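Please find below my notes on the structure, set out as numbered points. They deal with the strand pairing, one sheet and a single residue before turning to the chain as a whole.

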Amino acid sequence: MGNGNSREAKGSRRSRLIQKLQKFRTHRRHLRSRCSRNSAGVVNQKAVTAEDFSGIALLTLIGADMKFKDKWLACVSFGEQTFRTEISDTTEKPIWNSEKKLLLEKNGPSLVRISVFETNKLSRNKIVGYCELDIFDFVVQEPESASKSFDLLDPTSSKVVGTISLSCAIEDPVETEKRFAKRILSIVDYNEDGQLSFSEFSDLIKAFGNLVAAKKKEDLFRAADLNGDGVVTIDELAALLALQQEKEPIINNCPVCGEAQLSDKLNAMIHMTLCFDEGTGNQVMTGGFLTDRQASYGWMFKLSEWTHLSTYDVGLNTGSSASHIVVIDRKSKRLVEELIDSKIVLSMRAIYQSKIGLRLMDQGAKEILQRLSEKQGKKMNSAESAQKIRSFLEFFKDQINMAEVKYPLQHFKTFNEFFIRELKPGARPIACLNRNDVAVCAADCRLMAFQSVEDSTRFWIKGRKFSIRGLLGKSVHPNAFLDGSLVIFRLAPQDYHRFHVPVSGIIEKFVDLSGSLYTVNPIAVNSKYCNVFTENKRTVAIISTAEFGKVAFVAIGATMVGSINFVRKEGERVKKGDELGYFSFGGSTVICVFEKDSIRIDEDLLVNSGRSLETLVRVGMQLGVSTRTLG
């Protein structure tokens, strides 16, 4: 039994995949450029199902040309996985020749970030430069795996600090399927004679966990055993299984990681190929990292390099109970580490996640936090505080883009002036600007979104007796919001600290609520000992809209935040994306509460939140659509 693949068949299959990639790239750009509606008035957020595909791109980091000698390593971040090369010798021109297979699929990530770190005794694992490329664009433009050089940009200044050479090509899908089937079949070739008996084949089918296939195993085996001698070669069965997997999948669970497979047949085969490669260590790059920063230090998130993050709550594992916070960037679909001083993390855990900390709060810690915030607020408004701006930028060098800031650095006379910096016009495009039935994100932040308050307390808010009544206060008459949807916008110190209107409407009123100044860090939010959102100082703005009914916009103060400042007045008509106010120095949070069944929040935000994973978003990104206009 031959494999049934001629050179022409291979070429046509690969050509069809290239054509699908080209169509898909065009379709993705079309979706990004406008918000379309179908005849029923529903926003079209998904690609055409006919363009569904899956494939493997082989990315090779060849080497780099840097401006000084050192030891170098490179990290590749793609989706929720990060990989690293070996460390080079001391040189200006490091050579890695490191390969990594990346999965391309319709709703998957496309943006690859490559970071280059210098590593020595004086400057250990310091990021020097990075570049980003859309892998769909690359494989369409360079289908024959031609090498290409990209500029490496300094994270702080965007100046070119070197170049990196890489290549990327699509792997032939037919060969992918056949090679995987051949390798997985070899596992049950117990006597290693290159042939499988029926009993060996039966063991394999049993491991796949497909009861239907188990009933057909005799038919499958006979289809390969053309001469009827009771054994078939691995090549024969590999070709048969590759063909069968596309017609009628026989593999329910990945034999390597155990993850249940999708209904998409080619996706399942390619998933298993990548999983098998990583699980058996057959690739040059090392995986198992969440972010490039962790990869540069070699911090393994799991000992198994092929672990899939979707199988557990990554947010809780890296937020409330860890020394670092990991969020997922909505634009690039990759995990990003939020920088925070380890000493501060330890102190927060001691205060907010222990009974001792609770007693400290009851014995005057609230007043201490208040005095500390007032003192820091005055200090950050002094002329001397301007000296802290450059060190602040250095600490968050790859998370603050000064090219977006309205004024140059010398414009800011105090640290607080820099902290509440404005952005250039157009730096934050507003999604579907002329459509009031589309709500947008209110801040540059880490976002959690829940269709109901019950979901929010199940996945994220662990404080005692959290409620909408407690959040909004008695004077707001919160009955309309009791079973509504909840969106939490958490601003970290490095974020742009002005908040914007998420919906178009009229500001009915502002209500000030006094309270404490606990931190809004996930460590405190996930504490069972305090209610950050219902006990902190906050201001509630009620916005009346035609599309969403009433929307409660709650600006919450936090440790080091001296004041909450609104730039709009009661009775004023506002349009989504308009600036609404700003926070002074420190981290802070905005919560939006929508009336029950008034908004359909975007699916990706809900899925991430269900994993207790915050999504990194920007002002103006789409948040959801009014359910009142969908019918």
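**Notes on the predicted model**

1. Strands β25 (residues 599–601) and β27 form an antiparallel pair with three bridges. The model is a predicted one. Within this pairing, Arg-600 has Val-625 of β27 as its bridge partner.

2. Strand β27 also pairs with β14 (residues 438–440), again through three bridges and in the antiparallel sense. Here Val-438 is the residue that stands opposite Val-625. Val-625 is thus named in both pairings, as the partner of Arg-600 and as the residue facing Val-438.

3. How many of the five residues of β27 (residues 622–626) are buried? Five of the five are, so the strand is largely enclosed by the rest of the structure. The cut-off behind this is a relative accessible area under 20%.

4. A separate point concerns an open sheet of ten strands, in which the pairing is mixed. Its strand order is β13-β12-β26-β15-β16-β24-β20-β19-β18-β22. The edges are taken by β13 (335–338) and β22 (573–574); each has a single partner strand, so one side of each lacks a neighbour in the sheet.

5. Helix α19 (residues 603–610) packs on this sheet. The helix touches three of its strands, namely β12 (325–329), β15 (445–450) and β26 (615–617). The direction of α19 makes about 90 degrees with that of β15.

6. Within the ten-strand order, β20 and β19 are listed side by side. Strand β19 (residues 538–544) is joined to β20 (residues 550–556) by seven bridges, and the two run antiparallel. In this pair, Ala-541 stands opposite Phe-553 of β20.

7. Thr-60 lies in strand β1 (residues 54–66). Is this residue buried or exposed? Its relative accessible area is 12%, so Thr-60 counts as buried, the limit being under 20%. Apart from neighbours within four places in sequence, Thr-60 contacts Asn-97, Ser-98 and Glu-99, as well as Ser-165, Leu-166 and Ser-167.

8. For the chain as a whole, there are 19 helices and 27 strands. Of the 631 residues, 55% are buried. The exposed area is about 27800 Å², with 51% supplied by carbon and sulfur atoms.

9. On contacts, take those between residues at least 6 apart in sequence: 72% of them join residues at least 24 apart. The contacts of Thr-60 with Ser-165, Leu-166 and Ser-167 can be read alongside this figure.

How values were computed:
Residues numbered from 1 in each chain as written. Predicted model: local features only at pLDDT ≥ 70, side-chain atom pairs only at ≥ 80, totals over all residues. Heavy atoms only, no water. Helix = DSSP H or I, 4+ residues; strand = E, 2+ residues; numbered from the N terminus. Buried < 20%, exposed > 50% of the residue type's maximum accessible area, 1.4 Å probe, protein only. Contact = heavy atoms within 4.5 Å. Areas by Shrake-Rupley, 256 points an atom, 1.4 Å probe, with all protein chains shown as cover. Pairing = 2+ DSSP bridges. Axes fitted to C-alpha atoms, helices over the stretch in contact; angles between N-to-C directions.
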